[in-house]
Amino acid sequence: MRKKNFFAGPSVLPVEVLETLREQIADYEGQGLSMIEASHRGGMFEEMYDECLLKFRKLLNIPDEYDVYFLGGGATLQFTMIPMNFLLDGRSADYIRTGSWSNKAADDAAKLGNVNVIFDGKDGAYSRIPKIDELKINKDACYVYLCSNETIGGIEWQKFPDTGDVPLIADMSSDILSRPVDVKKFAMIYGGVQKNLGPAGATFIIMRKDMLERRNSNLTAYMDYALHSKNKGLYNTPPVFSIWAVKLVLDWVEKNGGAEGMLERAVKKSNLIYDVIDSSQFYRSPVEKESRSRMNVVFRLPNEDLEKKFVEESKKEGMLGLKGHRSVGGLRASLYNALPYEDVVALRDFMISFEKSNG
Ligand SMILES: *Cc1c(COP(=O)(O)O)cnc(C)c1O
């Protein structure tokens, strides 16, 4: 029996996708060759890759004036590439600090140039997303940076700021394709695929083409987005296995209602858990209600001993990954797209019975 997988990343994949990978691992679509032993130049890889990019465009409604491709290095490499390319000498970039991931990005950028922090959730223990009218965007900023869903803190932007002529850049690693997004609001959207789109390895890049004109062009090859744009991510060897699996996950998303369908699933699943939290004195959410993430539901119990017991007993019920991130403690249920609804029902029922015997 498959475990109920609440890991934050790498994380649950649709079982159909895993089965297709198993069936085709030695012989891709009857071509007598595995996808992972074929050249990435031409032939069956590029055909699959082009289909993958096209499907990603379609599912997210990405306009033609944007480049779409995959790179290696994880989302973390982008913390460096973004300021290297766009944080120009003598200018500054606006960063919004909402938790672990945007903090890491801001810290890296600050080593390369001038960072202007326009919001820092530190005083509130990173428990909320700023209100749009709290943000004073610097008109001369090279860009504004945010993280759409803080995977560790469990907070998510519900509505994005309008930054006018200042390019808006977002790390959407952990909520990509969990809802429709108005891509035109952003100059760049990127993220690791290992939360909602596939196995670890690839990083998706969605970038408005005119951003290349704003970049610092004096960079080494791999660091330069223009080179990747020109080669649609195939300048060097791409993470082929990860990309192949992403293609299959996108097929699955399409079959299950696209971005709208994913939003519906996410609302239904996260409500199951938030409803238990809200109707109990035993469970407590450390985050502001309006900022709650639909992907990563964090919660606390009355004390750490009970939290430990919760994790141990949930494991016995076949539920994995419910321990909160080591940096913040508590509990966290990650409810990514591929997690079946029934698994969230099982968690809800477990929470109710755990409260009964320990509350
Ligand atoms: C997981 C995660 C990252 C880091 O991704 P890597 O691929 O491990 O570098 C960055 N940002 C967010 C929001 C994440 O959830």
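A salt bridge is counted here when a side-chain nitrogen of Lys or Arg lies within 4 Å of a carboxyl oxygen of Asp or Glu. The model examined is a predicted one, and by this rule it holds 18 salt bridges.

A good place to start is the pair formed by Glu51 and Lys247, whose closest N and O atoms are 3.3 Å apart. Glu51 belongs to helix α2 (residues 43-60) and Lys247 to helix α6 (residues 240-255), so this salt bridge ties together parts that are 196 residues apart in sequence. The two partners differ in their surroundings: Glu51 is partly exposed, at a relative accessible area of 40%, whereas Lys247 is buried, at 8%. The value for Lys247 is 8% and buried means under 20%, which is why Lys247 is placed in that class.

Helices α2 and α6 are also linked through Lys58 and Glu254, whose side chains form a salt bridge with an N to O distance of 2.7 Å. Lys58 sits in helix α2 and Glu254 in helix α6, so here too the pair joins parts 196 residues apart in sequence. Lys58 is exposed, with a relative accessible area of 59%, while Glu254 counts as partly exposed at 30%.

A further salt bridge brings together the side chains of Asp349 and Arg348, at 3.0 Å from N to O. Both residues are partly exposed, Asp349 with a relative accessibility of 38% and Arg348 with a relative accessible area of 25%. Turning back to the helical pairs, salt bridges with shared partners connect Glu51, Lys55, Lys58, Lys247, Asp251 and Glu254 into one network.

Helix α6 also has a packing partner to consider. Two packed helices are described by the angle between their axes and the distance between the axes. For helix α1 (residues 15-24) and α6, the axes come within 9 Å and cross at roughly 130°. The two helices are therefore oblique to each other, and α1 passes α6 in a right-handed crossing. On the α1 side, the contact is made by Glu16, Val17, Thr20, Leu21 and Gln24; on the α6 side, Phe241, Trp244, Ala245, Leu248, Val249 and Trp252 take part. Sorted by class, this contact of α1 with α6 comprises eight nonpolar, two polar and one charged residues.

Taken together, helix α6 contributes Lys247 to a salt bridge with Glu51 of helix α2, and Trp244 and Leu248 are among the α6 residues in contact with α1.

Technical notes. Residues numbered from 1 in each chain as written. Predicted model: local features only at pLDDT ≥ 70, side-chain atom pairs only at ≥ 80, totals over all residues. Heavy atoms only, no water. Helix = DSSP H or I, 4+ residues; strand = E, 2+ residues; numbered from the N terminus. Buried < 20%, exposed > 50% of the residue type's maximum accessible area, 1.4 Å probe, protein only. Axes fitted to C-alpha atoms, helices over the stretch in contact; angles between N-to-C directions. Parallel < 35°, antiparallel > 145°, perpendicular 65-115°, else oblique. Left-handed = near helix turned anticlockwise from the far one by under 90°. Contact = heavy atoms within 4.5 Å. Nonpolar A, V, L, I, M, F, W, Y, C, P; charged D, E, K, R; others polar.
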